[in-house]
Amino acid sequence: MSASARQPTVQELSAQAYTIPTDRPESDGTLEWDSTTLVLATATAGAHKGLGWTYGHQAAATVIGTDLRSAVTGRDVDDVPGSWAAMIAALRNNGRPGISSMAVAAVDVALWDLKAKLHSVPLISLLGRFHPAVPIYGSGGFTSYSDDELQEQLGGWASSGMQMVKMKVGRDPHRDPARVRAAREAIGSETQLFVDANGAYRPAEAIAIAARFAEHDVRWLEEPVSSDDLAGLRAVRERAPVGMAIAAGEYGYDLPYFERMLSAGSVDVLQADVTRCAGITDLRRVDALCRARSAPLSLHCSPTLHANVGPALETLVHMEYFHDHVRIEELLFDGAPQPDGGALAPNTERPGLGIELRAADAQRYAV
């Protein structure tokens, strides 16, 4: 048997960006948007194609098609960590955070998917499994929504069996307590209520409004201040009402970011996003970091990817079922996972991620 037969190589790497309009205008505490861009990476070996993606600027597709294509093409399909290291080295002069890391994330996921398909096993079989399924929280409740829209969305998730839901706050702090009250009325007393400020408050303001949120049994306050303000996050955490967890980390692009956040004592729960933190390879290291510090981990966005990766993370407590990404992933992919009893389970019936691109449907959104 030849070496090439024993060790299949990555023959091609390509990328395509798709921009999908939102179903209605959306906003949070610090940003407004009317569309979301998904950048899809496709890694090929023979008849097999691995898929991975990130959510961000279409420039990530350029990075994938140039620097990362050169770094990965011809490498052993089984050696995903080696390909990851080659990609990081190739981006030295580009800068690691931001678009570079997101491009690596999309390719790294595609390579793991490709490897699993070549071995004809579900991705979770390669990664190993700590959890049969992972609880999810319905996430949306945008500040652009009317109170009626807010209640309909969050109340619908609660009625479907989800034990946790999350809404956006911070755009109009004076209105936030009333909106939180409306959400609580819609979901009842048994469903946990989370809020996400996306860094909109100042520390003193966040501390004060957290007390108001506690009146409605809010259990989770995400990014009350900028995630770059570690001292401010810690100040909010130290003075937050008992039972209200402070969370941040979704903008982590490399391992030192997460280490700094944990070392500063800034969060009760660390967040990470496989589409930003350089893929599955580095997300597993984030899990190990949390394990070393006895810190819980929560996954941000992209439920289709996280459903197939999250169960392999020992410290994971739950993951986000984000309205935008649920809609996009169901639109673009066959096999997007569906909640069952307020949780998502990994694909175990098909190789890899268990999804396929709906090419004809996706083409209308191609950039």
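Buried, as used here, means under 20% relative accessible area. Keep that cut-off handy for the exercises below, and bear in mind that the model is a predicted one.

**Exercise 1. Work out which residues of H13 are buried, and what that says about the helix.**

Step 1: Run along H13, which covers 323-332, and apply the cut-off. The residues that pass are His323, Asp324, His325, Val326, Ile328, Glu329 and Leu332.

Step 2: Set that against the length of the helix. Seven of the 10 residues of H13 are buried, so the helix is largely enclosed by the rest of the structure.

Step 3: Recall some helix geometry. Residues three or four places apart in an α-helix point the same way, because there are 3.6 residues a turn. Try looking down the helix axis in your viewer with that in mind.

**Exercise 2. Describe the largest pocket: its volume, its centre and its lining.**

Step 1: Start with the volume, which comes to about 550 Å³.

Step 2: Go to the centre. The lining has 24 residues, and Leu31, Trp33, Arg276, Phe322 and His325 are the closest to the pocket centre. His325 is also one of the buried residues of H13.

Step 3: Ask which elements supply two or more lining residues. They are strand E2 (32-45) and helix H13 (323-332). E2 gives the most, with five residues.

Step 4: Sort the lining by chemistry. You get six nonpolar residues, 10 polar ones and eight charged ones.

**Exercise 3. Do the same for the second largest pocket.**

Step 1: Its volume is about 170 Å³.

Step 2: List the lining: Ser14, Ala15, Gln16, Tyr18, Leu40, Thr42, Lys49, Leu51, Lys117, Glu356 and Leu357.

Step 3: Map those residues to elements. E1 (12-27), E2, E3 (48-55) and E14 (356-357), strands one and all, each give two or more. The largest share, four residues, belongs to E1.

Step 4: Sort by chemistry again. This lining divides into five nonpolar, three polar and three charged residues.

**Exercise 4. Find the cavities of 30 Å³ or more and say what surrounds the largest.**

Step 1: Search the whole structure with that threshold, and one cavity turns up. The space in the largest cavity is about 40 Å³.

Step 2: Collect the lining residues, namely Pro303, Thr304, Tyr321, Val326, Glu329, Glu330, Ala336 and Pro337.

Step 3: Assign them to elements. Helix H12 (303-309) and H13 are the ones that give two or more, and H13 has the largest share with three residues. So H13 turns up in this lining as well as in that of the largest pocket.

Step 4: By type, the cavity lining holds five nonpolar residues, one polar and two charged.

**Exercise 5. Trace the polar contacts around threonine 54 and threonine 275.**

Step 1: Place the two residues. Threonine 54 sits in strand E3, while threonine 275 belongs to the loop between strand E9 (269-272) and helix H11 (279-292).

Step 2: Check exposure. Threonine 54 has a relative accessible area of 0% and is buried; threonine 275, at 2%, counts as buried too.

Step 3: Follow the side chains. That of threonine 54 reaches the backbone oxygen of threonine 275 at 2.6 Å. The side chain of threonine 275, in turn, makes a polar contact with the side chain of aspartate 273 at 2.7 Å.

Step 4: Fill in the neighbours, leaving out residues up to four places away in sequence. Threonine 54 touches Thr37, Leu38, Val39, Ala60, Met102, Ala106 and Thr275. Threonine 275 touches Trp53, Thr54, Tyr55, Met102, Ala105, Ser302 and Leu305. Met102 appears in both lists.

**Exercise 6. Look into the positive phi values of asparagine 198 and aspartate 217.**

Step 1: Recall the background. Most residues other than glycine have a negative phi.

Step 2: Read off the angles. Phi is near 50° for asparagine 198 and about 60° for aspartate 217.

Step 3: Locate them. Asparagine 198 is in the loop between strand E6 (192-196) and helix H8 (203-214); aspartate 217 is in the loop between H8 and strand E7 (218-222).

Step 4: Finish with exposure. Asparagine 198 is buried, at 10% relative accessible area, whereas aspartate 217 is partly exposed, at 33%.

Terms used
Residues are numbered from 1 along each chain as its sequence is written. This is a predicted model: local features need pLDDT of at least 70, side-chain atom pairs count only at pLDDT 80 or more; totals for chains, interfaces and linings use all residues. Side-chain values use heavy atoms; hydrogens and water are left out. On a 1 Å grid over the protein atoms alone, a cavity is a set of points where a 1.4 Å probe fits but cannot get out, and a pocket is an open set with protein on both sides within 12 Å along at least five of seven lines; lining residues have an atom within 4 Å of a point. Grid points are joined across faces, edges and corners, and a volume is the space filled by probe spheres set on the points. Ala, Val, Leu, Ile, Met, Phe, Trp, Tyr, Cys and Pro count as nonpolar, Asp, Glu, Lys and Arg as charged, and the others, Gly among them, as polar. Buried means under 20% relative accessible area, exposed over 50%, partly exposed in between (1.4 Å probe, protein chains only). A polar contact is a pair of N or O atoms within 3.5 Å; within protein, one must be able to donate a hydrogen and the other to accept it, and residues adjacent in sequence count only if both atoms are side-chain atoms. Contact means heavy atoms within 4.5 Å.
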